[in-house]
Amino acid sequence: MSLPYFLAPDPTAGRLDGPEGRHAVTVTRIQPGERIVLIDGHGTAATVEVTSVSGKDTLVGDVLSVDRAEPPTPRVTVIQAIPKGERAEMAVDLAVQGGADAIVPWISHRTVSRWPAAKQAKQVEKWRSAALAAAKQSRRAWVPEVAEPVTTNQLAGVCEGKQVLVLHESATTSLRDISFESEVALVVGPEGGIGEDELALIGGTAVTLGPEVLRTATAALSALSAIGVLTARW
């Protein structure tokens, strides 16, 4: 059975407190003698044997080993059109499980769920919390960064220097026929799809994953899995 993961500012210190400490001590009920893994979210993972637990949110232990996970190549940034309701967190969760290196919320022309300015920070924080939870559940030493939301007109800056692949139901190019040459920007459209006018603004290459039309919440996971097989990521 794999060890539970927790986010810590300095995994090599063998100490966990704050919200993550509370989750370990109060929710997961980690006890002395058990082993856990502390990660910094940037590739460092320390295996720790817990020696003591105090209060509701603090534990310390002996560091048994420290490992460094190299980031996968090519790096993949998922540009995810914001889904409606609970599908938003699901999309983030599944993308992180699939290995996304970064996630950018995208307000497309056909996006139904609009984030009012007053609630934008709260929604981004929800995505970041979902990304952290999924990274720990997936036993990842890297926690994907969730950026601030962008509009279609702002995508050019996000995609600069990247190989842009747009998942599109009408595409004639299969993902398996792509030659991966650099960092990838994987664009996932909204429930209503990406219109031809918006596709022209985004640029890049429209690709298909197969004959079925996937839901926006599951498309990134499927594409990331395919990219994992087609490249050195896996």
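Where does Pro32 lie? In this predicted model, Pro32 is placed in the loop between helix H1 (18-27) and strand S3 (35-39). Its relative accessible area is 45%. Pro32 is therefore partly exposed, as that value falls between the 20% and 50% limits. Contacts beyond four places in sequence are made with Val50, Thr51, Ser52 and Val53. Within this group, Thr51 is 19 residues from Pro32 in sequence. The C-alpha atoms of Pro32 and Thr51 are nevertheless 4.8 Å apart.

The loop that holds Pro32 also contains Arg29, between H1 and S3. Arg29 is not a glycine, yet its phi is positive, at about 60°. Most residues other than glycine have a negative phi. The relative accessible area of Arg29 is 58%. Arg29 is exposed because this value is over 50%.

The protein chain is divided into domain 1 (5-68) and domain 2 (75-230). Their C-alpha centres lie 31 Å apart. Across the boundary, 13 residues of domain 1 are in contact with 7 residues of domain 2. Thr73 and Pro74 are joined by a cis peptide bond, with omega about 0°. Most peptide bonds are trans. Pro74 belongs to the loop between strand S5 (58-68) and strand S6, the latter spanning 76-81.

Packing was examined next. The largest nonpolar core has 32 residues. Val78, Ile103, Trp127, Leu165, Leu175 and Leu186 touch the most other members. At least two residues of this core come from each of strand S6 (76-81), helix H2 (87-97), strand S7 (102-107), H3, strand S10 (163-167), strand S12 (184-188) and H6. Helix H3 gives the largest share, 6 residues. Another core lies apart from this one and holds 15 residues. Val150, Val164, Val166 and Ala185 are among them.

Leu165 has a long list of partners, leaving out residues up to four places away in sequence. Leu165 touches Leu175, Ile178, Phe180, Val184, Ala185, Leu186, Val187, Thr205 and Val207. Of these, Leu175 and Leu186 are also named with Leu165 among the core residues that touch the most other members. Ala185, by contrast, is listed in the 15-residue core.

Helix H2 has buried residues at Ala88, Ala91, Val92, Leu94, Ala95 and Val96. These pack against S6, S7, H3 and H6. Just after H2, Gly99 has a positive phi of about 105°.

Helix H3 includes Lys136. The relative accessible area of Lys136 is 11%. Lys136 is buried because this value is under 20%. Beyond its neighbours within four places in sequence, Lys136 is in contact with Tyr5, Phe6, Leu7, Glu20 and His23. The loop between H3 and S8 holds Arg139. Arg139 is another residue that is not a glycine but has a positive phi, of about 60°. Its relative accessibility is 30%. Arg139 therefore counts as partly exposed, between the 20% and 50% limits.

Pockets were considered last. The largest pocket holds about 420 Å³ of space. Its lining comprises 24 residues. Leu167, His168, Glu169, Val213 and Leu214 lie nearest the centre. Strand S13 (205-208) and helix H6 (216-230) each supply at least two lining residues. The largest share, 3 residues, comes from H6. By type, the lining has 11 nonpolar, 7 polar and 6 charged residues.

The second largest pocket holds about 250 Å³. Its lining comprises 15 residues. Nearest the centre are Leu7, Arg128, Ser129, Leu132 and Val143. Leu7 is also one of the contacts of Lys136. Helix H3 (117-137) and strand S8 (145-146) each give at least two lining residues. H3 supplies the largest share, 7 residues. The lining divides into 7 nonpolar, 3 polar and 5 charged residues. Domain 1 and domain 2 each contribute at least three residues to this lining.

Methods. Residues numbered from 1 in each chain as written. Predicted model: local features only at pLDDT ≥ 70, side-chain atom pairs only at ≥ 80, totals over all residues. Heavy atoms only, no water. Helix = DSSP H or I, 4+ residues; strand = E, 2+ residues; numbered from the N terminus. Buried < 20%, exposed > 50% of the residue type's maximum accessible area, 1.4 Å probe, protein only. Contact = heavy atoms within 4.5 Å. 1 Å grid on protein atoms, 1.4 Å probe; cavity = no way out; pocket = protein on both sides within 12 Å on 5 of 7 lines; lining within 4 Å. Points joined across faces, edges and corners; volume = space filled by probe spheres on them. Nonpolar A, V, L, I, M, F, W, Y, C, P; charged D, E, K, R; others polar. Domains from an automatic or database assignment. Core = buried A, V, L, I, M, F, W, Y, C linked by side-chain atoms within 4.5 Å.
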